[in-house]
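User: I would like to go through this model with you and ask, for each term you use, what justifies it.

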Amino acid sequence: MMQSNTPNTHLPSSSLEARPIVSVRQVSMVFQTGTVALKDANLEIAQGEFISLIGPSGCGKTTLLRLLADLIKPTSGTILISGKNPEEARKSRAYGYVFQAPTLMEWRTVLSNVMLPLEVMNFPAGERKARAEKMLALVGLEKFTRHYPWQLSGGMQQRVSIARALAFDPQLLFMDEPFGALDEITRENLNLELLRLWRETGKTIIFVTHSIPEAVFLSTRIVVMTPRPGKIETVIPVNLPQPRTFETRELPEFFQIATEVREALRKGHGYEVTE
Amino acid sequence: MVVQPSKPALSRVLLDWMLLVLGFGLLLWFIAIWWNQSEPASDAQKLLIWGGFLLAALGIARVANQFVNTTNPVIGFTPAALTLLVVVVTAEALLRAYQVPPGLIPTPSRVLSTFFAVRDVLLQDAFQTVVLEALVGYLIGCGLGVITALLVSRYVFLERGLLPYATVFSSIPIVALAPVLVKMVGIDWQSKAVIVAITVFFPVVVNTFRGLTEVSPLSLDLMRSYAASEVQQYRWLRLPNALPFIFNALKLGTTLAMIGAIVGEFFGANGQGLGFRIQIEAGRFGFDIVWSAIIVASLIGIAWYNLVAWLERRLTGWHVSFR
Amino acid sequence: MTRISPQLGPMLVVALIVLALYWPLMYLANIPAAQRALDTGAALPCKTAFECATQLRSPVLPSPQQLWNGFRNLMFPLNSPNAIPLNAAVTALETVVGLLLAALVGFFFAIGIVASRAFERSLLPWIVASQTIPVIAIAPMLVVLLGQYGVQGWIPKAIIAAYIAFFPIAIGVAKGLKSPDPLSLDLMKTYNANNWQTYLMLRFPASIPYLFTAFKVAMTAALIGAIVAEISTISFQGIGKMLAENSRASDVVAMWVIMLSSAVLGILLVALVNWTERLVTPWQRAKVAATPMPKQARVSKQEGG
Amino acid sequence: MKKWSVLWVLAVFVLASLASAQQNLIKVNLQLKWFPQAQFAGFFVAKERGFFRAQGLDVTLLPAGDQSPIQVVQSGAADFGTTWIADLLTARERGIPVVHLAQIFQRSGFTLVALKSSNIKNLCTDMKGKSVGVWPSGNEYPAVALFRKCGLTSSLDPRATNPDVTAVSYPFDPSLVFPDKVQLVAAMTYNEVNQIAGLGYDETKVDVFKLADEGINLLEDLIFTTERVLNERNFKGSGLTGRQVAARLIRASIQGWNWAVANQAETVEKYVLPVCGNTCKGSGTRADAKGHQTWQMAEIAKLYNAGATTKGWAGFLVPADYQASVRLLREQGILTKDPPATTVDYGPWEAATGKRARDWK
């Protein structure tokens, strides 16, 4: 059951100065099959952060994202997005969502795929095309507006879906392993582009991955999650200099933080066989 | 360097066409000498006809390879046109050689000349059968089918309570309905329209429902993340997704509609219609007129099918099947 | 068994609603007819139009009582040449033989279409066109023609059934034969498999699910073909013959009974295909059990509502 | 005991079939023009009273619905058939080698029925612009001949774009179209006239126009076969020629017909009612099956007991009647040329009756 939200509840002390854009308190999710997908999760995310959720399969990272997006409802606990409950947030179109797969509508061209949310949200007709074209330029696909999705590579399709998520200018971006199916080279390029986008737009991004280097490279903070039951093991800040470049991956701090993450994952027995 | 597939030698190409021309020549020559004969041909001549047919068929099989890679639809149709021509000419020659009575099978030339003689009446018949009966019934049946599928996909109760029946009903031989419906609705065109509507209804419901529900779950999540209303969800996701499925049913429906209308007329017609004409003339051994009516029905059927297929390409050009 | 239970309730409710609507509808349809019959002085065993509505000889909609009596009259004795069971069996035989014949022809065309572009170019347009020819028009000719060569009785009907059933099979099997992914075809190439082996080991097995899907459509088509053939040609047995006969005799109740029986026959024949499919392709069953149908679509929608 | 009686019946049946096998009966299929009813009483009598068997024939009487009996005989599913003369002659003109063997009915029973209130007094002058209900499958020729004779085009003519008369085809039951859809409806004197009466329109309310009175006396029920059967040297391995079998069939049939017409009540009771099924009642008639068939038998007798039959020449096709039918069909353009002489073969009838056609006066 959802608990009633009281905006003036005392916030637990944290290192964050800004008012949190996302706040997760004591959230648990138990599926009908009895699986405990998420247990007592607590998390505060500030405006402009890039948060990665990392962990092995079954640790509840996608569940957490889907809970934030109001695609499912929590069994217990409270979630606030910009002070609203997730359903209100969804209805006020507070976030964009990028799925594991591009999820493009095969009957629409690249341009009209990006225009889809604008049509759904009744943006003025004149504005839609301009916005969509701008977003496509942002992801470097301005030359492919008239193509159909199947004419693009997987990486390009995923860029279209990012452009689509940005099209209506939400403050929050939820990304669920968006680059999971791509090859390493494409993935690194897209990582850079994503960071550029993040800097240029000032969005808050919550990013699900199970790649440690990717998480370290992208994030301002890494939320390490462990399975059975799914829970937040620890939150590791990433204080690598901005803007990050290819060279960032060569820094000793990069490896240090990566090791920290790996150890946190191991601590939660994430990779050990448990009976 | 890319090796181009070598073009067949010119002499080979010529040989293939020679075969074809020789086969046609044999058949046409026989038809010419037997045009006014009323005696069966000799065994040697019959053998010659079969030989001509085989030569022409072999010729087509080889010539067709030259048309395989063309994108021009008219040129690409050449092998099919040649096939039809060979079959028609062979039929003409064989029917003349064996002197098959026109009361059993009329020769193609006889059918064609009859066709021109009776074309006006056949066009009137076609109007009654195609426009009033098949088309009206088709539009009603398809329209109701899509609406039903929308409702069924929206309400789980309807899906569970109605859809199993629709699936079951689509395996019912619709012809069995025809006499009952003609009795119920009367012998005018309306009864045939009802038969056609029922015939096309069930495939449309079943197909459209599949199209509306076989949507990727991620796309549904996406629509939800946009807080899209249910109407928007249908408008932007489910209906476009269902279009290829709907068009499959619509294409299937064109032939079902023609057959439904014609069969319906067998159980009573008000003096017009292709089914009426076929029934009357078949009873009189007027098979030249029966075949003329068949030609009209087929031409309309093909045109109708292609019209729907054209619409499909226009509206669902994005679909896998057109890549 | 638990799998059908969620449907059972709603199906029963719908059936009950239809039944409940049937009575008023029947009266609505029949009372004017009954009134007319009474006005013209027809001798009926009833006095008011309301009373007569359930007893008309040619009702617009037959009353349940009439239907029940019709069923009793037409079902027994089981082996009577005028009862439904024997005639339905004859029609079923024609249909099944027609389907097998259609499978043979369909496979031939499918292989031709897949194996040779020249074949496809020369014949496919006419295969499609053949379906627009109303089979009912050529049936009488075909039957007389076949009769010349001693082919009589149920065989011509099976051939006519095959004529309209081969098309969905040809198209479906062609799709199936083309369905193996390029990688599997490349794999066969690495084994240096010849064409025949590729068909036998890869393309045919891959086409089986498509074949059965096509069979379900084709079975209904074949049944329609058999009935149409019986109606429009010389026939002394079969559902179509009963239909024609009772249509000529204007026995409306009998026509309803035959129509409903042919519906049951159609359902049974399609069920036969389903059953054969389960028997022939056990791996499909296992797959279906392992991965339940993608019903997430439905789940998400309910949440969204 | 019931059990035993069943066994007895079985035993008798087996013995009977053995006996028939010993007799080497020749299996013959005779295609009737319609469903079993008194219209074919003579054939039922010949079968059940053993007239066929006495001729060494085991005759199966096949019922018919839509299909033309000519198609059935031509396809070989039946050896002989009964049909109408217009059918036979048009089929012959289209190259189907059918041969007329014996003429059962000597008069036409085809009529058109109109409500008195519709004010149709003279067919030729009043029919224009009207709808006429006819049966398909070759049963429309008498009506076509009438339309042509009156100089009217009809929708049955595939060359008439704006027909004077709309011919409505329907599945034989007049109640489907009369009197709502058509002003005139085809009816046989022996069947549909009573069905129309059953609709509430008896003789006081309708006019019955007999086409014979309008000069359209096209002969109806006759026995025919194909040249192939007739010229068979060894009919189904029986050792008899096709002609001999035809002669035996005609002999037994005439015998059956004479008996039936002489013993109408018994014929209906014993030989018609047991074989006629659903169609027996004549849909819509006021009478029950027995009443309808008794009435039909009487009407049929009138068509049989006319012309040549009254002179003791039952089954004889009177050359003058035949010529009149041919002339009529030629005049109306239904036939384009005279049928060949082989269309009528008196041989089997002469062999069956011992009379000679040329002796007819």
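User: How much area do chain B and chain C bury between them, and what share of it is on carbon and sulfur atoms?

Analyst: The model is a predicted one, and in it chain B and chain C bury about 5,300 Å² between them, with 75% of that area on carbon and sulfur atoms. The contact draws 66 residues from chain B and 58 residues from chain C, and among the 5 pairs of chains that touch, chains B and C have the most contacts.

User: How do you know how many salt bridges there are across the interface of chain B and chain C?

Analyst: The rule asks for a side-chain nitrogen of Lys or Arg within 4 Å of a carboxyl oxygen of Asp or Glu, and across the interface of chain B and chain C it finds 0 such pairs.

User: What makes the pair B:Arg224 and A:Asp70 a salt bridge?

Analyst: The closest N and O atoms of B:Arg224 and A:Asp70 are 3.6 Å apart, and the cut-off is 4 Å, so the pair is called a salt bridge. The count between chain B and chain A is 2 salt bridges. The contact itself takes 20 residues from chain B and 26 residues from chain A, and the area buried between these chains is about 2,200 Å², of which carbon and sulfur atoms give 64%. On the side of chain B, B:Tyr226, B:Trp236 and B:Trp318 supply 32% of the area buried against chain A, more than any other three residues.

User: Do chain A and chain D count as touching or as not touching, and how do you know?

Analyst: Chain A and chain D do not touch. Contact requires heavy atoms within 4.5 Å, whereas the nearest C-alpha atoms of chain A and chain D are 48 Å apart.

User: What makes A:Arg159 and A:Glu193 a salt bridge, and which parts of chain A are in contact with each other?

Analyst: The side chains of A:Arg159 and A:Glu193 meet at 4.0 Å, N to O, and the pair is accepted as a salt bridge because the rule admits atoms within 4 Å. Chain A is divided into domain 1 (17–94 + 172–275) and domain 2 (105–169), with C-alpha centres 25 Å apart. The contact takes 14 residues from domain 1 of chain A and 13 residues from domain 2 of chain A. The area buried between the two domains is about 1,100 Å², of which carbon and sulfur atoms give 70%. In domain 1 of chain A, the residues that lose the most area to domain 2 are A:Arg93, A:Leu197 and A:Lys203, together 41% of what that side buries. Between these two domains the count is 2 salt bridges.

User: How many residues of domain 1 of chain D are in contact with domain 2 of chain D, and how many salt bridges does the rule find across that interface?

Analyst: Chain D is divided into domain 1 (25–106 + 219–359) and domain 2 (110–214), and 26 residues of domain 1 are in contact with 23 residues of domain 2. These domains of chain D bury about 2,100 Å² between them, 55% of it on carbon and sulfur atoms, while across their interface the rule finds 0 salt bridges.

User: Why are strand E2 and strand E4 of chain D called edge strands?

Analyst: The open sheet of 5 strands in chain D has the order E2-E1-E3-E10-E4, with mixed pairing. Strand E2 (57–62) and strand E4 (98–103) of chain D each pair on one side only, and are the edge strands. Neighbouring strands of this sheet are turned by 30° against each other on average, direction ignored.

User: How do you know that E4(D) pairs with strand E10 of chain D?

Analyst: Pairing requires at least two bridges, and 5 bridges join E4(D) to strand E10 (residues 222–226) of chain D, so the two strands count as paired, and they run antiparallel. Within this pair, D:Gln103 of the first strand's stretch stands opposite D:Leu222 in E10(D). Helix H5 (residues 85–93) of chain D lies across strand E3 (80–83), E4 and E10 of chain D, and runs at about 160° to E4(D).

User: What does UniProt place at residues 289–311 of chain B, and what is the helix content of that span?

Analyst: The unreviewed UniProt entry places the feature "transmembrane region" at several spans of chain B, including residues 17–35 and 289–311. In the model, residues 289–311 of chain B are 100% helix and 0% strand, with end C-alpha atoms 33 Å apart; residues 17–35 of chain B are 89% helix and 0% strand, with end C-alpha atoms 26 Å apart.

Terms used:
Residues numbered from 1 in each chain as written. Chains lettered and ligands numbered in written order. Predicted model: local features only at pLDDT ≥ 70, side-chain atom pairs only at ≥ 80, totals over all residues. Heavy atoms only, no water. UniProt positions renumbered as here; feature names shortened; annotations may be inferred. Helix = DSSP H or I, 4+ residues; strand = E, 2+ residues; numbered from the N terminus. Axes fitted to C-alpha atoms, helices over the stretch in contact; angles between N-to-C directions. Buried area = accessible area lost by both parts, 1.4 Å probe. Domains from an automatic or database assignment.
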